[in-house]
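Visitor: I am new to this structure and would like to learn how to read it. Please take me through it step by step.
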Amino acid sequence: MPKNLAQKLDTPFQREVYEGLTAYPKYISSKYIYDKAGDKLFQDIMNMPEYYLTDTEFGILETHKEQLARLFANGKNPFHLIEMGAGDGKKTKILLRHFTDKNLNFTFRPIDISQNALDSLQSNLKQEIPDVQTEPLQGTYFETLRKLNFSTDEHKVILFLGSNIGNLLHEKAIEFLSQIQEYMQPKDLLFIGFDQKKNPQTILDAYNDPNGITERFNKNLLVRINRELEANFKLDSFTHWEVYDPESGTAKSYLVATSPQKVRIEKLDLDITFEAWETIHTEISQKYDDKTVHWLAEQSGLKVLKAFSDQEDYYKNYLFTT
Ligand code: AVI
């Protein structure tokens with residue numbers, strides 16, 4: 001990118017869109033799907049029958065909540081339950097309710113980038129499970145974790161649910177896990193959801209629903225660029241395309257241009273041309289097996305303590321220590 005232009009692009013969104021759309025092949029990071037409309041579309045995805053991930057993890061937490069209570073409290077110790085990317089906390093509430101019923105001594109510390117999400121989570125918890133001591137933390141995961149500054153004898157359990165880790169390439173996932181590992185003390189625990197390899201058709205169906213919700217979710221990137229960067233993407237000139245490689249376990253989402261076209265992005269002072277059938281790669285949703293999760297753990301200085309699964313092994317939540 002020319003130096004004077006890089007200086008003009010003053011947000012990471014502007015810089016990343018510029019870099020991604022001037023690269024070959026083109027790409028844009030899926031993290032930019034999540035504005036208000038993107039959050040709502042993801043809620044809709046989680047309610048689709050094809051998107052098995054949410055209900056399956058829900059079931060795992062429900063089935064194993066007793067054992068999780070025992071492991072998390074590790075005797076009768078007080079602990080901090082820190083959730084990264086808490087969202088609406090729907091799944092976590094299963095644990096919060098159970099831990100409260102059992103009189104476990106814990107504080108719930110949800111971390112989220114969106115103050116809005118945290119406010120509604122807190123007011124919702126006040127109504128539904130008033131006895132939970134909640135201390136929300138707004139910010140990015142690692143900035144916030146660093147600020148928390150617990151003393152070494154305070155016991156922490158960190159949650160990262162929803163197979164959000166799957167939106168990272170392995171290399172980035174190892175970086176992410178290593179950063180958490182550095183923050184953990186020997187008694188701390190890390191509990192993460194990993195969607196598993198399965199019938200490839202089941203995975204393709206989850207990311208390519210017949211009602212086009214996933215397509216709208218994916219295209220929200222273009223909607224956002226149009227609005228925030230004054231661009232003129234024609235949404236109908238792109239199609240949502242999902243592929244799944246059963247060997248690597250990687251599901252990839254694309255937006256494919258259906259005809260040759262030119263797009264103007266005013267705020268970036270940029271004209272982009274697309275040839276017919278040219279792609280923009282937008283998301284990866286990695287699927288795992290035990291071998292891969294153990295490898296990621298080993299690379300990050302973590303040990304797998306236990307795995308919790310549903311009956312079909314569609315999804316697993318792994319508990320890690322350092
Ligand atoms: C947030 N993340 C775990 C979802 C996933 O399954 O990769 C995002 C998503 N993309 C399409 N559908 C759902």
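Visitor: Which domain feature does UniProt place at residues 13-321?

Guide: Note beforehand that the model is predicted. The UniProt record, an unreviewed entry, gives residues 13-321 the feature "domain: Histidine-specific methyltransferase SAM-dependent". In the model this span is 39% helix and 26% strand, and its end C-alpha atoms are 35 Å apart.

Visitor: Where does the ligand sit?

Guide: The ligand is in the largest cavity.

Visitor: Which residues are around the ligand?

Guide: A residue counts here if one of its heavy atoms lies within 4 Å of the ligand. The shell consists of Tyr34, Phe42, Ile45, Tyr51, Gly162, Ser163, Asn164, Asn167, Tyr207, Phe217, Glu283 and Ser285. By class, six are nonpolar, five polar and one charged.

Visitor: Which helix and strand each supply at least two residues of that shell?

Guide: They are α3, residues 36-46, and β12, residues 279-286.

Visitor: Which atoms of the ligand lie 2.5 Å, 2.7 Å and 2.6 Å from side-chain atoms of tyrosine 51, glutamate 283 and serine 285?

Guide: For a polar contact, look for a pair of N or O atoms within 3.5 Å. With glutamate 283, a ligand nitrogen is 2.7 Å from a side-chain N or O atom. With tyrosine 51, a ligand oxygen is 2.5 Å from a polar side-chain atom. Serine 285 likewise has a polar side-chain atom 2.6 Å from an oxygen of the ligand.

Visitor: How much of the ligand's area does the protein bury?

Guide: Start from the ligand taken alone, which exposes 340 Å². The protein buries 98% of that area.

Definitions and conventions
Residues numbered from 1 in each chain as written. Predicted model: local features only at pLDDT ≥ 70, side-chain atom pairs only at ≥ 80, totals over all residues. Heavy atoms only, no water. Polar contact = N/O pair within 3.5 Å; in protein donor to acceptor, adjacent residues only side chain to side chain. Areas by Shrake-Rupley, 256 points an atom, 1.4 Å probe, with all protein chains shown as cover. 1 Å grid on protein atoms, 1.4 Å probe; cavity = no way out; pocket = protein on both sides within 12 Å on 5 of 7 lines; lining within 4 Å. Sits in = over half its atoms within 2 Å of the grid points. Helix = DSSP H or I, 4+ residues; strand = E, 2+ residues; numbered from the N terminus. Nonpolar A, V, L, I, M, F, W, Y, C, P; charged D, E, K, R; others polar. UniProt positions renumbered as here; feature names shortened; annotations may be inferred.
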